[in-house]
Amino acid sequence: MITPFLLYLLKANIALAVFCLFYRLFLRHETFYTYNRVYFLLIAVLVILFPLVDLSMFFPVARPFIIMPEMTPEIDAEFIGGVHKLLPGDYITIGLLSVSGILVLRFLIQLASLFNLYTQSDKKLVHNKQVFIINDKVNPFSFFKWVFLNPALHDNNDLREIVSHESIHVKQGHTFDILVYELASAFFWYNPFIWFIRSDMKQNIEFLTDRETLRGGYNKRHYQYNLLKVSKIPVVSSIVNNFNFNDLKNRIVMMNKQQSSNSHLFKYILIVPLFVCATLLVNSKDMTDNEDTEIVNAGNIIADNVAIAFDKDIHDFGTIRESEGNKSAIFTFVNTGDTPIVIENVTASCGCTIPEWTKESVMPGTAGYIRATYDPLGRVYPFNRSLTVHFNVEPYKVVLHVKGMVVK
């Protein structure tokens with residue numbers, strides 16, 4: 001069964017695919033490089049936030065069943081604090097995050113290597129710009145405010161263009177964009193769309209820098225020839241701005257492309273309906289939970305000697321302050337039938353609500369629980385979140401709710 005974290009990842013990856021396809025279909029061949037850069041940075045934020053959007057405040061929620069509280073005894077604290085047993089979804093999560101951890105470690109090693117290179121390099125003024133001199137055969141590159149190059153590999157005219165190019169990377173802070181997508185690719189490494197959009201982002205940065213460099217009065221043909229000459233020099237790292245980017249053909253094509261007409265700016269207006277559609281798409285489960293759940297009376301949840309009684313199906317926190325932190329509600333139920341009951345999984349409609357539940361079999365005459373912990377941080381508005389409880393017996397699925405109002 002899918003866990004809340006895997007559900008969050010599924011929604012985030014769907015949003016990532018939608019935004020990547022939109023760029024490739026509508027924006028990739030436009031010369032609005034600055035707008036495209038903003039688009040890429042917005043994607044990095046929105047993909048993380050979309051799965052957390054709470055749509056329940058806009059859609060009415062039906063009660064899944066009627067409660068019979070007289071059938072439900074108390075459950076002691078020791079029972080609630082039972083040992084958590086790992087589910088298949090937990091193992092998948094551990095596997096995904098383990099690979100992400102390795103990629104983040106690789107990223108940190110690259111950062112350490114660059115810092116080591118910085119400490120060992122000599123500073124020198126080249127065409128009135130401070131650069132760090134390296135003696136190895138390495139492609140010129142920049143990292144934040146540092147520009148690294150080997151002057152022995154380039155003639156004076158080429159050096160002037162290279163220093164101007166890297167200075168634009170430094171001035172516009174392109175290293176930040178690259179680091180954002182390095183971390184994003186470590187987190188979403190299994191999704192091919194993250195690698196596509198990471199490549200597109202780096203290309204766009206080079207398109208933008210090439211344009212600004214040529215506006216400095218350099219000869220376009222000489223500049224392109226300079227790119228070709230350094231194309232065979234090895235790059236030092238994937239987390240820096242290299243003077244020569246691998247996809248030279250596209251860079252040269254875009255340098256010679258006619259400026260896009262301002263009438264094409266309407267494509268960016270399409271981002272608004274894209275935002276709305278992507279939000280509805282990745283949160284569609286929030287609105288369909290109730291449609292897929294049979295509305296039954298808790299006292300009538302009886303099939304093949306199975307009977308389940310809950311103490312409640314809705315917990316109202318009332319008004320809570322954001323500063324108070326997480327709030328928890330406990331739903332208890334009793335197996336009043338003759339057959340053991342197992343909760344196979346509990347899925348929350350939002351990553352803001354974390355479920356815990358009884359992992360062992362609930363024998364006849366004993367009780368189980370579902371705990372819902374709601375995080376109010378950054379969610380100052382009314383909320384109504386659902387938790388779908390999946391049983392191994394009929395009714396197989398029932399829905400619980402936590403609701404309230406978060407204030408500052």
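The following exchange asks how several descriptions of this predicted model are justified.

Me: Why is helix H8 called roughly antiparallel to helix H9?
Reply: Helix H8 (residues 220-229) and helix H9 (residues 248-255) pack at an angle of about 175°, with their axes 11 Å apart. Angles over 145 degrees count as roughly antiparallel, and therefore H8 is described as roughly antiparallel to H9.

Me: Which residues in H8 and H9 meet, and how many of the residues in this contact are nonpolar, polar or charged?
Reply: On the H8 side the residues are Lys220, Tyr223, Gln224, Leu227 and Leu228, and they meet Leu248, Arg251, Ile252 and Met255 in H9. By class, this contact of H8 with H9 comprises six nonpolar residues, one polar residue and two charged residues.

Me: How do you know that the buried residues of H9 lie on the same side of the helix?
Reply: The buried residues of H9 are Leu248, Arg251, Met254 and Met255. They cover an arc of only 130° around the axis, and therefore they are placed on the same side of H9. An α-helix has 3.6 residues a turn, so residues three or four places apart point the same way.

Me: What covers the buried residues of H9?
Reply: The cover includes helix H2 (33-49), helix H5 (156-172), helix H7 (192-214) and H8.

Me: What makes Pro364 count as partly exposed?
Reply: Pro364, which is found in the loop between strand E13 (353-357) and strand E14 (367-374), has a relative accessibility of 34%. Buried means under 20% and exposed means over 50%, with partly exposed in between, so Pro364 counts as partly exposed at its 34%. Leaving aside residues up to four places away in sequence, Pro364 touches Asn335, Gly337, Asp338, Thr339 and Pro340. The C-alpha atoms of Pro364 and Ile341 are 8.0 Å apart in space, with their positions 23 residues apart in sequence.

Me: What is notable about phi in His127 and in Phe144?
Reply: His127, in the loop between strand E2 (122-126) and strand E3 (129-133), has a phi near 50°, a positive value in a residue other than glycine. Phe144, in the loop between strand E4 (141-143) and strand E5 (146-149), likewise has a positive phi of about 50° although it is not a glycine. Most residues other than glycine have a negative phi.

Me: Why do His127 and Phe144 count as partly exposed?
Reply: The partly exposed class lies between the cut-offs of 20% and 50%; His127 counts as partly exposed because its relative accessibility is 23%, and Phe144 does so because its relative accessibility is 41%.

Definitions and conventions:
Residues are numbered from 1 along each chain as its sequence is written. This is a predicted model: local features need pLDDT of at least 70, side-chain atom pairs count only at pLDDT 80 or more; totals for chains, interfaces and linings use all residues. Side-chain values use heavy atoms; hydrogens and water are left out. Axes are lines fitted to C-alpha atoms, for helices over the stretch in contact, and angles run from 0 to 180 degrees between N-to-C directions. Helices (H or I, at least four residues) and strands (E, at least two) are DSSP runs, numbered from the N terminus. Angles under 35 degrees count as roughly parallel, over 145 as roughly antiparallel, 65 to 115 as roughly perpendicular and the rest as oblique. Contact means heavy atoms within 4.5 Å. Ala, Val, Leu, Ile, Met, Phe, Trp, Tyr, Cys and Pro count as nonpolar, Asp, Glu, Lys and Arg as charged, and the others, Gly among them, as polar. Buried means under 20% relative accessible area, exposed over 50%, partly exposed in between (1.4 Å probe, protein chains only). The arc is that of the directions from the helix axis to the C-beta atoms.
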